[in-house]
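Please open the model in your viewer and keep the selection panel at hand. The stops below go from the interior to a strand and then to a loop.

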Amino acid sequence: MIAIDGPSGVGKSTVARLLAARFRVVYLDSGALYRAAALKVVRAQIDPDDTAAVERLLEVTRIEVSVGPGVAVVVRLDGEAVSDELRTEAVTRAASRIAAQPAVRRRMTAVQRAAVPPSGAVVEGRDIGSVVFPDTPHKFFLDARLEVRGGRRLRDEQRSRPSAALDEVVAAIGERDRRDSERSHSPLRLDDSYRVVDTSDLTAEEVAARIEAAVRDAGDFGP
């Protein structure tokens with residue numbers, strides 16, 4: 001089990017996919033599970049900040065993943081495959097608001113643990129090594145300079161929203177960093193159990209190669 005944690009815009013998803021392919025294990029994006037919960041909230045027209053209503057809704061919601069082709073997984077919401085619906089602007093906004101709620105994080109932690117097969121996985125998020133899989137010896141914290149993170153996220157945003165501006169994206173990243181670090185339950189945090197990789201001046205392939213070498217050196221995945 002390889003845990004990849006870090007803030008927005010550091011390249012977690014790209015690096016995790018590369019590692020999963022190299023080790024031939026499942027890649028699990030924890031953010032997709034929170035987005036699935038957010039999609040249910042959006043569909044039900046519930047205020048994402050109404051914590052009691054969100055908790056009640058999730059009590060009657062099934063969020064599951066199944067292994068698809070290669071290293072990908074299919075996210076299912078109440079039995080419906082919804083992976084293609086998780087990147088809308090409304091879902092993104094709702095996900096960032098419900099993700100700090102303790103009941104939501106407890107539920108998603110259970111879903112993530114159930115989703116990892118015995119063959120192993122690369123899981124990325126913000127509390128994977130600290131809360132979800134604290135016992136794994138393979139914990140990596142990716143970071144990068146804020147201006148680099150902003151530029152990367154801007155490129156992603158402009159694929160679906162060409163009018164996105166850098167100052168707007170940087171402000172959103174700063175706000176997300178604040179929420180993630182200050183929330184009372186499962187905050188984004190770095191401790192001595194992690195290896196830190198600054199991705200500012202590295203390609204995703206270079207980052208993946210460094211992590212792969214460290215994991216293979218530990219002997220768990222063979223030569």
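A nonpolar core here is a set of buried Ala, Val, Leu, Ile, Met, Phe, Trp, Tyr and Cys residues joined through side-chain atoms within 4.5 Å, where buried means under 20% relative accessible area, exposed over 50% and partly exposed in between, with a 1.4 Å probe and protein chains only. The model is predicted, and local features need pLDDT of at least 70, side-chain atom pairs count only at pLDDT 80 or more, and totals for chains, interfaces and linings use all residues. Residues are numbered from 1 along each chain as its sequence is written, and side-chain values use heavy atoms, with hydrogens and water left out.

Select first Ile63, Val75, Leu86, Val104 and Met108, which touch the most other members of the largest nonpolar core, a set of 24 residues. Two or more residues come from each of helices H2 (30-43), H3 (51-59), H4 (89-98) and H5 (102-115) and from strand S4 (73-77); helices (H or I, at least four residues) and strands (E, at least two) are DSSP runs numbered from the N terminus. H2 gives the largest share, eight residues. Apart from this core lies another, of 21 residues, including Val25 and Val207.

Next, select strand S2 (residues 26-29), where Val26 and Leu28 on one side and Tyr27 and Asp29 on the other are all buried.

Finally, go to threonine 136, in the loop between helix H6 (128-132) and strand S7 (138-143). Threonine 136 is buried, at a relative accessible area of 10%, and its side chain reaches the backbone oxygen of methionine 1 at 2.4 Å.

Definitions and conventions. A polar contact is a pair of N or O atoms within 3.5 Å; within protein, one must be able to donate a hydrogen and the other to accept it, and residues adjacent in sequence count only if both atoms are side-chain atoms.
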